[in-house]
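Good morning, everyone, and thank you for making the time. Please take a moment with the sequence and the model before I begin to talk through them.

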Amino acid sequence: MSSVSQNFMKLFRGSSGPETVAAQGSQKLTRRSSGLGELSRTWESGENLCILDLGSTSPTNIRHFTENGHRIYSEDLLTASTDPELVTKDEFGTTALDSRKFLADNLIYPAAHFDVVLCWNLPDYLDESLVKPVVGRLWSVLKPGGMLLAFFHTRDAGPDSPCHRYHIVGADTLEMQKIVLRREAPRTASGNNSASDSFQLQRVFNNRHIENLFRDFASIKFFLARDNIREVLVVR
């Protein structure tokens with residue numbers, strides 16, 4: 001495992017940014033993604049890949065990959081993190097989520113199983129106590145040379161930035177769908193609960209924090225978008 005600091009870090013200013021388009025009589029928000037555009041070259045190469053999509057089941061994403069001969073797995077870790085049985089307190093009485101129990105029930109795959117992980121904006125909305133353990137597990141289930149795409153909000157995005165589900169509708173284009181919580185969704189340590197209709201932004205990572213989060217990966221690239229999103233593409 002090599003440190004990001006011992007490898008290259010490239011900064012790209014891509015054309016990523018939101019735009020509204022008409023779809024079936026309603027307005028849907030789409031965005032261009034430079035990170036997705038680069039990653040898509042991997043699954044357009046003709047090789048059959050194994051892909052992990054970290055979000056609720058997306059028929060759009062399933063169709064996108066299976067029609068090209070790839071295998072796709074979906075796992076909704078944000079919803080899984082709302083399990084009230086995960087809530088615990090440390091010796092100081094601080095509330096947190098039990099990361100060991102969480103990983104005993106989620107992301108259960110063989111080592112080096114996936115070629116690509118679509119992490120989307122998971123780290124920004126996942127409870128603090130789960131972020132590093134989850135990234136560590138993702139490192140282990142990625143193949144050497146495998147790639148992970150993640151989105152991070154910048155400080156300018158604002159604390160009320162809605163959590164979106166991303167659907168792939170082109171080589172570098174995503175459709176954004178706001179995630180709406182079920183009314184019976186339980187309260188978690190992070191405060192994501194039925195009092196709000198969506199998951200709440202938990203933190204804003206700066207570049208140094210992101211590099212540290214992925215320090216065990218071989219390389220990292222940053223893409224600056226126009227919608228207060230920092231896209232990150234890392235290689236195992």
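I will go from the chain as a whole to the pocket, and then to a handful of single residues.

Let me say at the outset that what you see is a predicted model, and I would ask you to keep that in mind throughout. The chain has 236 residues, and buried residues make up 47% of them. In terms of secondary structure, the chain contains seven helices and 13 strands. If we take the contacts in the chain with a separation of 6 or more, then 66% of them are accounted for by residues 24 or more positions apart. As for the outside, the accessible surface comes to about 11500 Å², and carbon and sulfur atoms hold 47% of that surface.

Now to the pocket. How much space lies in the largest pocket? The computed value is about 290 Å³. There are 24 residues lining this pocket, and the closest to its centre are Ser 56, Asp 76, Thr 79, Ile 179 and Phe 199. If you would like to find the lining on the model, the elements that give two or more residues to it are helix H3, at 77-80, and the strands E8, at 114-120, E10, at 164-170, and E11, at 173-178. In character, the lining divides into 13 nonpolar residues, seven polar and four charged.

One of those strands gives us our next stop, since His 164 is found in strand E10. Is His 164 buried or exposed? Its relative accessibility is 13%, and because buried means under 20%, His 164 counts as buried. If we leave aside the neighbours within four places in sequence, His 164 is in contact with Asn 121, Met 176, Gln 177, Lys 178 and Ile 179. Of these partners, Ile 179 has already come up as one of the residues closest to the centre of the largest pocket.

Let me turn to the cysteines. A disulfide is a covalent bond between the sulfur atoms of two cysteines, and a search of the whole structure finds zero of them. Two cysteines can still be placed with respect to the surface: Cys 50 is buried, at 1% relative accessibility, and Cys 163 is buried as well, with a relative accessible area of 0%.

Staying with burial, I would like you to look at helix H1, which covers residues 34-43. Why can we call this helix largely enclosed by the rest of the structure? We can do so because eight of its ten residues are buried. The buried residues are Ser 34, Gly 35, Leu 36, Gly 37, Glu 38, Leu 39, Ser 40 and Trp 43.

Next comes a point about the backbone. Most residues other than glycine have a negative phi, and the loop between helix H4, at 99-105, and strand E8 is where Leu 107 sits, with a phi near 55 degrees, which is a positive value. Ala 112 belongs to the loop between H4 and E8 too, and its phi is likewise positive, near 55 degrees. Their surroundings can be described separately: Leu 107 counts as buried at 1% relative accessibility, whereas Ala 112, at 31%, counts as partly exposed.

Another loop, the one between strand E4, at 50-53, and helix H2, at 59-66, holds Thr 57. This residue is exposed, with a relative accessibility of 57%. Which residues does Thr 57 contact once its neighbours within four places in sequence are left aside? They are Ile 62, Ser 74 and Arg 165. The C-alpha atoms of Thr 57 and Asp 76 are separated by 7.6 Å, with their positions 19 residues apart along the chain, and Asp 76 is, as we heard, among the residues closest to the centre of the largest pocket.

I will finish at helix H7, residues 207-213, where we find Asn 212. Asn 212 is partly exposed, at 34% relative accessibility, and its C-alpha lies 9.8 Å from that of Lys 132, although the two are 80 residues apart in sequence. Glu 211 lies in helix H7 as well, and at 25% relative accessibility it too counts as partly exposed. From Glu 211 to Val 234, which are 23 residues apart along the chain, the C-alpha separation is 9.7 Å.

That is the end of my tour, and I am happy to go back to any part of it.

Terms used:
Residues are numbered from 1 along each chain as its sequence is written. This is a predicted model: local features need pLDDT of at least 70, side-chain atom pairs count only at pLDDT 80 or more; totals for chains, interfaces and linings use all residues. Side-chain values use heavy atoms; hydrogens and water are left out. On a 1 Å grid over the protein atoms alone, a cavity is a set of points where a 1.4 Å probe fits but cannot get out, and a pocket is an open set with protein on both sides within 12 Å along at least five of seven lines; lining residues have an atom within 4 Å of a point. Grid points are joined across faces, edges and corners, and a volume is the space filled by probe spheres set on the points. Helices (H or I, at least four residues) and strands (E, at least two) are DSSP runs, numbered from the N terminus. Ala, Val, Leu, Ile, Met, Phe, Trp, Tyr, Cys and Pro count as nonpolar, Asp, Glu, Lys and Arg as charged, and the others, Gly among them, as polar. A disulfide is a pair of cysteine sulfur atoms within 2.5 Å. Buried means under 20% relative accessible area, exposed over 50%, partly exposed in between (1.4 Å probe, protein chains only). Contact means heavy atoms within 4.5 Å. Accessible areas come from the Shrake-Rupley method with a 1.4 Å probe; for residues, only the protein chains shown count as cover.
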